[in-house]
Each structure stands twice: as structure tokens, then as C-alpha cells.
Amino acid sequence: MSHPLSPFSRSNGTGKLGQSSGASLALFAGMFIACTFSVRGEDSIPEEPLPSSTDETVAQTDAAPSQPMSPLGGVDSRNLTLGGETVSSSEIASGQPRRFHYSLRLNIRGVYDDNIFLSHTNRVSDYYFAIEPMLTVGFGDIEGRGENYLRLDYMPSVILFVDHSDQNAVEHLILLEGQYRFSRLTLNLSQEVAILDGANLNSTLDTTGLLANLDVSGRTRLNLFITLLRANYDLTGKLFLIGEFDASIYDYRDFISSQIVSWGLYVNYNVTPKLTVGVGGTFGLDFVEDPNVDQTFEQANFRINYQATGKLGLSASAGVEVRQFDNHRSDHVSPVFELGALYRPFDGTTITLTAGRRILNSGFFADQDFATTYVVGRFQQRLLRRVYLGVAVGYENSDYSATTSGVSATREDDYYFVEPSVDVLITRFLSVGAYYLHREDCSNLNFFSFYDNQVGVRATFRF
């Protein structure tokens, strides 16, 4: 994988914390005990409802699926958060929100992994601990995102191995987002930064390590910088324009780095209060590290956003991309699409689906791109008000193509994963759970094939 937009991406590193296995265990135990004392004596409280979908509030502002760091989160994973969003400092005795919000969450995991290097031949198992605090601060409507707001999420991740301490790593994940409304114009900005040097590419919404780097084989450091800017301008009561600017930097230490800049303009029409359609195009510049070929591309897309009921929401974009390679080969034409769906058939039941297809640069192979087509589904069911059963499943196909004449690009991968889980909301401030993860990649180049099993337990503290 060369991009955060690639469906299943792993960042692997060789960062050393110098921790022995004994020190790792001691640190983990010390933090666990400290956090336990912090929630000691809390009484059980009535369970909080799951939060509503942010998609329900944006039909007027965006007729396309969101573009998170990974399509695995294409439908906001906060919809699967146990007990909903933590009530932060924004809540006062009267129940009215304040302008300033803050919250702190700590996730601790203990995991057995039977293939920590995701290797085809050299399968190495180990136990590791992940310590992942998350700080959220913001102003305004940071949860509903319907009004003006500014929100910052920061999650460092400390990975400590029991037997392979030379693989210990620290990662940093930062998300800054905001919105400001004028009378006719609405501006949205999102800035993601990921400093990755570990065994898995985590996200602020998913820390179980579902993702895997199918493109780059081996452990490597990767820094990601993604900027998304959206400008929504109301022309009439039903017609509005959306201007888009995206800029992404994918900085590999040992492999092929690249940068992408794109602009888009879409005309959207509110057919009904529940249905919005749009049509438009995107132009992009793709700069790949020398001596690889720089590229340009154009897309024409049709978009739809449909809030069928309070229980079902759909968002999709489909079209065609034409890509040029600076006269090094003929133009390449390919379909592209993104799909997101959220369904709550019953109280306590949440089902999400994301799917898509896009063209990405290879970070491993010189002068090659790959088309990635993926589908990911998630299901969560609440039982007895405090028990949450979940399962996530996904599939991706990666098909490589040359960006210059004379290059043979034959690789093709089929990857899938499945992860059942169970979590229990002990109090408003504490949940515990366990999960099993199986993931497997079948490549026509055996070097890239692997299978991996993980069994993990986790505890989440909310302050």
C-alpha cells in the first residue's frame, strides 16, 4: 500500500523503545492498576444510547461518502462505540452544552499474534500490549457536526512486545476538523496526520489491527498527511454547489513516496428532503518519487445521498477515471466508486457497509499502480443493555498495472478478514471485551501471501 486511502494498510517499523519483556509487563500492569483506581467506586448508571449517524445531518452539505484515512471507516465507526459518546466537560448540571468540550479515553489491549511480521514463510508469534490514550478537545457542535465546531483528536499508540522488544514502537495519530457556516456558504476542513512505526496501521476509530499492508511487504515507517477542504454554496433552496480540494503526502522512509493534489466541483440538487443527487468532476496531479512516472487524472462522478428513514441512510459516488502517464504509456480508463450505508433495524442493532474501487500508486513496485476493489461490513448487537456482540468482515482485490511501457505488472491479491468480538459496558466509564481476528492474503506472488490469527482482550476507560 502506498496510501492511507488504500483499504487495508499496515505500517510496520523497526522503532526501538529499549524495553525488556519484564519492563513491558511492569509498565502495562502499572498503568492498568492506576486506571483501575481512577474508576474505583463508580456506580453503574443507565446505559447511554448509541450516537446517531453523522450522515443524517449532512444531506444538505455533502452528497458523497466521506473520505476517511481508510475505507474501513467509510461509515463512521463511532456508530459502533460502546455506550455512545462519552459525556464530556460540555455537559453541565442543567444538561445544556457548553462551547468548550474535552474528554479522555484510555484503551489497553493484550494480544497474542501468531504472525507478527505477516510473513509467508517466517511465521513468528508473540504477545504484545497496546496502550492507547485518546484526547479530544473542541469548541461548538463537535458531536452532531451540524453547526459550527472545531475538534482535535490525538491518539498516541505504544506497542510493547514480550519476546521481541526490538519491535516495540510508538505511533501518533492526529485528526483536526472543523466547520463554519455563513449565510449561504459552509466550509469544512479536515487534517489528518499519522506518524506510523509499528506492527499495524491503527486509526482513531479502530485499534484492533484489522488492517494489513498488502502492497509493501516488510516492516517500514510511513508518515501520512491528508488535507480535505469542502466548500458548500447554496444557490437556491434546492440547488447547491460543492467545491473540493484534497492534498495528500505519503512519506515512506525506505520505499516509494508520493503526493496527490486534486480539485473537484459538483452540482447538487435536493430532490426531496431525504434525497440529494449530484454530478461533477475531479482533476488531480499525482507526483511519484523519482525515477517513477508522474501522473494526471480526471474523474466524472454521479453522487447520491438518501436518508430513507431514521433507521437507514445511504451515500454513494460512482463514475469513471481517465489517467495519463506523461506519454510513457497509453491512457488508462477505469471505473471508480464509493458506497456507505448505515442501517439500524432495531434498538441496539447497527449494521454498516462500505465498498469502493480506486486506483493507487504502489509504494513497493517501481512504475506500477494497482486497482483496489473492497467491501467491508460491520454488525453490532446490544444485549441486556450492557453486552455488545459484534463482527466485522472484509474483502479486497488488488490488481497491478504498469505506468510505463516495458514494465511487466502481473501481481494480483485477494485478501479477507473476519473479526468477531464481545464487549461489556461495566459502568459509564469502563468497558471490557475480547476479540478474535483472522486475516489472510492469497497472492499470485507467494512472497506476499500470509495468514494471521490474533486473540485479544481489551479494556477502555473514559474520563
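Trainee: Which residues form one aromatic cluster?

Mentor: In this predicted model, the cluster consists of Tyr 252, Phe 255, Phe 364, Phe 365, Phe 370, Tyr 400, Phe 447 and Phe 448. A search of the whole structure finds 17 aromatic pairs.

Trainee: How should I read a single pair, and what are the values for Tyr 252 and Phe 255?

Mentor: A pair of aromatic rings is described by the distance of the centres and the angle of the planes. For Tyr 252 and Phe 255 the centres are 6.1 Å apart and the planes stand at 80°, so the pair is edge-to-face. The reasoning rests on the cut-off: planes over 60 degrees apart count as edge-to-face.

Trainee: What are the values for Phe 447 and Phe 448?

Mentor: The ring centres of Phe 447 and Phe 448 are 5.1 Å apart with planes at 90°, so this pair is edge-to-face as well.

Trainee: Is Tyr 252 buried or exposed?

Mentor: Relative accessible area is read against two limits: buried means under 20%, exposed over 50%, and partly exposed lies in between. Tyr 252 has 3% relative accessibility, so Tyr 252 counts as buried. Its pair partner Phe 255 has a relative accessible area of 21% and is therefore partly exposed.

Trainee: Which of these classes apply to Phe 447 and Phe 448?

Mentor: Phe 447 is exposed, because its relative accessible area is 55%. Phe 448 is at 8% relative accessibility and so counts as buried.

Trainee: Where does the charged end of Arg 411 sit?

Mentor: For this feature, one looks at the position of the charge relative to the ring. The charged end of Arg 411 sits over the ring of Phe 448, 3.6 Å from its centre. Phe 448 thus appears in this contact, in the pair with Phe 447 and in the aromatic cluster. Elsewhere, Arg 303 lies over the face of Tyr 266, at 3.6 Å from the ring centre.

Trainee: Turning to the strands, how many bridges do strand 6 and strand 7 pair over?

Mentor: For each strand pair, one reads the direction, the number of bridges and the connection. Strand 6 (residues 222-234) and strand 7 (residues 239-252) are antiparallel and pair over 13 bridges. One position to check is Leu 229, whose bridge partner in strand 7 is Phe 245. A hairpin of four residues joins strand 6 to strand 7.

Trainee: What pairs with strand 7 in the other direction along the chain, and in which sense?

Mentor: Strand 8 (residues 258-272) pairs with strand 7 in the antiparallel sense, over 12 bridges. Tyr 250 has Ser 258 as its bridge partner in strand 8. The hairpin from strand 7 to strand 8 runs through five residues.

Trainee: Which strands does strand 5 pair with?

Mentor: Strand 4 (residues 169-181) and strand 5 (residues 185-196) run antiparallel, joined by 10 bridges. Arg 181 stands opposite Thr 186 in strand 5, and the hairpin of these two strands has three residues between them. Strand 5 also runs antiparallel to strand 6, with 12 bridges joining them. There, Asn 188 stands opposite Arg 230 in strand 6.

Trainee: What does the secondary structure of the protein chain come to?

Mentor: The protein chain has one helix and 18 strands. Of its 463 residues, 53% are buried. Among contacts between residues at least 6 apart in sequence, 63% join residues at least 24 apart. The accessible surface comes to about 19,300 Å², with 63% belonging to carbon and sulfur atoms.

Note on methods:
Residues are numbered from 1 along each chain as its sequence is written. This is a predicted model: local features need pLDDT of at least 70, side-chain atom pairs count only at pLDDT 80 or more; totals for chains, interfaces and linings use all residues. Side-chain values use heavy atoms; hydrogens and water are left out. Two strands pair if DSSP finds at least two bridges between them. Rings of Phe, Tyr and Trp (its six-membered ring) pair if their centres lie within 6.5 Å; planes under 30 degrees apart count as stacked, over 60 as edge-to-face and the rest as tilted. Buried means under 20% relative accessible area, exposed over 50%, partly exposed in between (1.4 Å probe, protein chains only). A charge sits over a ring if NZ of Lys or CZ of Arg is within 6 Å of the ring centre and within 35 degrees of the ring normal. Contact means heavy atoms within 4.5 Å. Accessible areas come from the Shrake-Rupley method with a 1.4 Å probe; for residues, only the protein chains shown count as cover.
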